[in-house]
Amino acid sequence: MSEVIIAVALIWVAASGTAVVLTRDPLRQAFVAGFFGLGLAFLYLSMQAGDVALSQIVVGAIALPLIVLLAMAKVRKDRE
Amino acid sequence: MSRRARLMFFAVAAAALAVTLGVGLAGLPSFGSQVSAYARMLNEVSGRQRHVTDVVSAITFDYRGIDTLFEEFILLGAVTGISVLLRPLSDETRQLPEDKAPDRGIPPPSPAVWLLAVFLSSLLVLTGLETVTHGTLTPGGGFQGGVILASALYVVYLGTNYRTVERYQPDALLESSDGVGAFGYVFIGLLGLMAGDVFLTNVVGLGVTGNPISGGIIPLLNLTVGLEVAGGFAILASEFLDQTAVIRTKTGPR
């Protein structure tokens, strides 16, 4: 059972990681990267690393997209 | 560099990477193999030695507590650096965007968004406090809880507007919580020296395993890290937000 969960997590990470690279628009990329981070957290959780999974959630799904989005808003504002 | 030379360069670099990566991957323990001797030993002794149920907490805040101290100062340094870097420069000014249609008010966020923000921000504060204070018992701890606490502030921005956040955001409190958290860690480390032992020795009573207050200095260090991270990430977000919302290039003659 746990092998199945780990396999699902690995496939999720591989697919969403590829999707991050293939997404060309930075705004969409920020969201896709968030889903990638969530997938990583799920992978850590499936391997029973709860602490690492929590750290991954807060960094990958909260801190990183926020900073990317705010930086992009700044760049876009300056261009106007 | 010509296309040919670039391709040559790439081929050499790719071959070198493939060899190093191959050798490295071949040396990895096989998937699902047993945990290392070090991990087995800590799983065995940490419960008895430190009275905690989350071994990871015992490792990060006790067995290798000095590493965590340096990591904490990396974050402090990063936040300080961001604050310096994102200050208004000499050719920039802080002002809200000019209102081009003063007769029309800014529509408030929809009731649904507002309700979600009220609900979510209180929930985030609660979850953050829970994560910080239960670091010795369950996965989580100061770092994770701190970021969750800071994110409650972002949600307030989501549900209101920049002016409200600017008005109610306790800047001095955030900055002091960042500093107090970082140096609180050092202070707790010094307690060990004062007790006549080495830096960061677990000198406080260990308590009963499974109680929220157990593990000696581990929950205290969790609290200091939580303070530092919550303040640090809130400052980080507000610096970026300032850049986006109010800091703009000065117009007119300089």
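**Two chains, one model**

Hi everyone, let me start with a number from chain B: if we take its contacts between residues at least 6 apart in sequence, 74% of them join residues at least 24 apart. Please keep in mind throughout that this is a predicted model.

So what is chain B built from? It has 9 helices and 2 strands. If you follow the sequence along, the order reads α-α-α-α-β-α-α-α-α-α-β. How does its radius of gyration sit against the globule rule? For 254 residues the rule gives 18 Å, and chain B comes out at 25 Å, well over that, so the chain is more spread out than a compact globule. You can picture the extent from the C-alpha trace, which spans about 70 × 65 × 40 Å along its principal axes. As for burial, 31% of the 254 residues of chain B count as buried.

Let me zoom in on one residue in this chain, B:Phe119. You'll find B:Phe119 in helix H5, which covers residues 111-133 of chain B. Is B:Phe119 buried or exposed? The cut-off for exposed is 12 or fewer C-beta neighbours within 10 Å. B:Phe119 has 12 such neighbours, so B:Phe119 counts as exposed. Now look across to B:Val155. In sequence, B:Phe119 and B:Val155 are 36 residues apart, while in space their C-alpha atoms are 9.7 Å apart.

Now over to chain A. Here the secondary structure comes to 3 helices and 0 strands, and the pattern along the sequence is simply α-α-α. Its radius of gyration is 15 Å, where the globule rule gives 12 Å for 80 residues; that is well over the rule, so chain A is also more spread out than a compact globule. The C-alpha trace of chain A spans about 55 × 25 × 10 Å along its principal axes. Buried residues make up 25% of the 80 residues here. And what about the contacts I opened with? In chain A, among those between residues at least 6 apart in sequence, 49% join residues at least 24 apart.

Finally, let's see where the two chains meet. How many residues of each chain are in contact with the other? On the chain A side there are 14, and they touch 15 residues of chain B. What kinds of residues does chain A bring to this meeting? The side of chain A that touches chain B divides into 9 nonpolar, 2 polar and 3 charged residues.

That's my tour, and thanks for listening!

Definitions and conventions. Residues numbered from 1 in each chain as written. Chains lettered and ligands numbered in written order. Predicted model: local features only at pLDDT ≥ 70, side-chain atom pairs only at ≥ 80, totals over all residues. Helix = DSSP H or I, 4+ residues; strand = E, 2+ residues; numbered from the N terminus. Buried ≥ 20, exposed ≤ 12 C-beta atoms within 10 Å, placed from the backbone. Contact = placed C-beta atoms within 7 Å. Nonpolar A, V, L, I, M, F, W, Y, C, P; charged D, E, K, R; others polar. Rg over C-alpha atoms; globule rule 2.2 N^0.38 Å.
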